[in-house]
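Hi,

Here's the structure I said I'd pass along. Have a look at it first, and then read my notes underneath.

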Amino acid sequence: MKLVLLGPPGSGKGTQAKRLAAALEIPQVSTGDILREARRAGSEVGKRAAAIMDSGGLVGDDIVNELVRERLGRDDAKRGFILDGYPRTTGQAEFLDAYLAESDRALDATLVLDVADEHIVERIVGRRTDRATGQIYHLEYNPPPPGADLVLRDDDREEVVRARLEAYQRDTAPLIDLYTRRGIVRKVSGNGSMDEVMERLREALR
Ligand code: AMP
């Protein structure tokens, strides 16, 4: 299964991508996670991406395309993968098609998580990550266990969230049309519990 998971920031994309990847036994490939890791490691790419990420904008296509080429070239991605947060622009979508075509591969499906705009900001602003495990919680909807060491992602502050939403509407939402024309889009409601959404995603792939 070669999958793309699309959805606005705060749609539960990262959480669902991790669970779906585990269920389908394929790697979750998150360019956001790779970029955050590059920053922690202090690499050249990490340094170049840092200011853009903190402002809620999009890192350049050249940088993320190279990261994806490197990641999808690894052995564990040969059987399939679930792309989470990539592609985010038409340039990235074109790169992905061309890259997959080099090895006679193509995407099987694009899953789109649908969440109403008014729910997004509250979902993101309440989000916390466990520093030790990377597990994502929500203070209200998916409360962390007592004593967990929680951090707020730097770009989950409200003003940055709005910039990220704008980038999604402007650059990423048009990809839904592109994949719809190709007949591979499966839209799923992102409202409800994590288990409900996961079940819908699995149903959409049957
Ligand atoms: P995410 O964790 O997917 O929300 O990504 C966090 C941030 O990393 C985004 O707000 C962007 O600044 C950057 N980023 C992640 N993936 C991409 C991508 N495919 N294209 C451009 N920027 C990206």
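I'll start with the strands. Keep in mind that this is a predicted model. Strand 1 (residues 2-6) runs parallel to strand 3, and 4 bridges join the two. In that pairing, Val4 sits opposite Leu83 of strand 3. Strand 2 (residues 28-30) also runs parallel to strand 3, joined to it by 3 bridges, and here Gln28 is the residue facing Ile82 of strand 3.

So what covers strand 3 (residues 81-84), and on which faces? Both faces are covered: Phe81 and Leu83 are buried on one side, while Ile82 and Asp84 are buried on the other.

Now the ligand, which is probably what you'll want to set up first. It is surrounded by 16 residues, and the closest are Thr31, Arg36, Gly57, Gly85 and Gln92. Helix 2 (residues 31-41) contributes the most to that shell, with 4 residues. Sorted by class, the shell has 6 nonpolar, 5 polar and 5 charged residues.

As for polar contacts, these are the side chains to check:

- Arg36 has a polar side-chain atom 2.9 Å from a ligand oxygen.
- Gln92 places a polar side-chain atom 2.9 Å from a ligand nitrogen.
- Arg153 has a side-chain N or O atom 3.3 Å from an oxygen of the ligand.

On its own, the ligand has 480 Å² of accessible area, and the protein covers 96% of that.

Shout if anything looks odd at your end.

Cheers

Note on methods. Residues are numbered from 1 along each chain as its sequence is written. This is a predicted model: local features need pLDDT of at least 70, side-chain atom pairs count only at pLDDT 80 or more; totals for chains, interfaces and linings use all residues. Side-chain values use heavy atoms; hydrogens and water are left out. A residue is near a molecule or strand if one of its heavy atoms lies within 4 Å of it. A polar contact is a pair of N or O atoms within 3.5 Å; within protein, one must be able to donate a hydrogen and the other to accept it, and residues adjacent in sequence count only if both atoms are side-chain atoms. Accessible areas come from the Shrake-Rupley method with a 1.4 Å probe; for residues, only the protein chains shown count as cover. Ala, Val, Leu, Ile, Met, Phe, Trp, Tyr, Cys and Pro count as nonpolar, Asp, Glu, Lys and Arg as charged, and the others, Gly among them, as polar. Buried means under 20% relative accessible area, exposed over 50%, partly exposed in between (1.4 Å probe, protein chains only). Two strands pair if DSSP finds at least two bridges between them.
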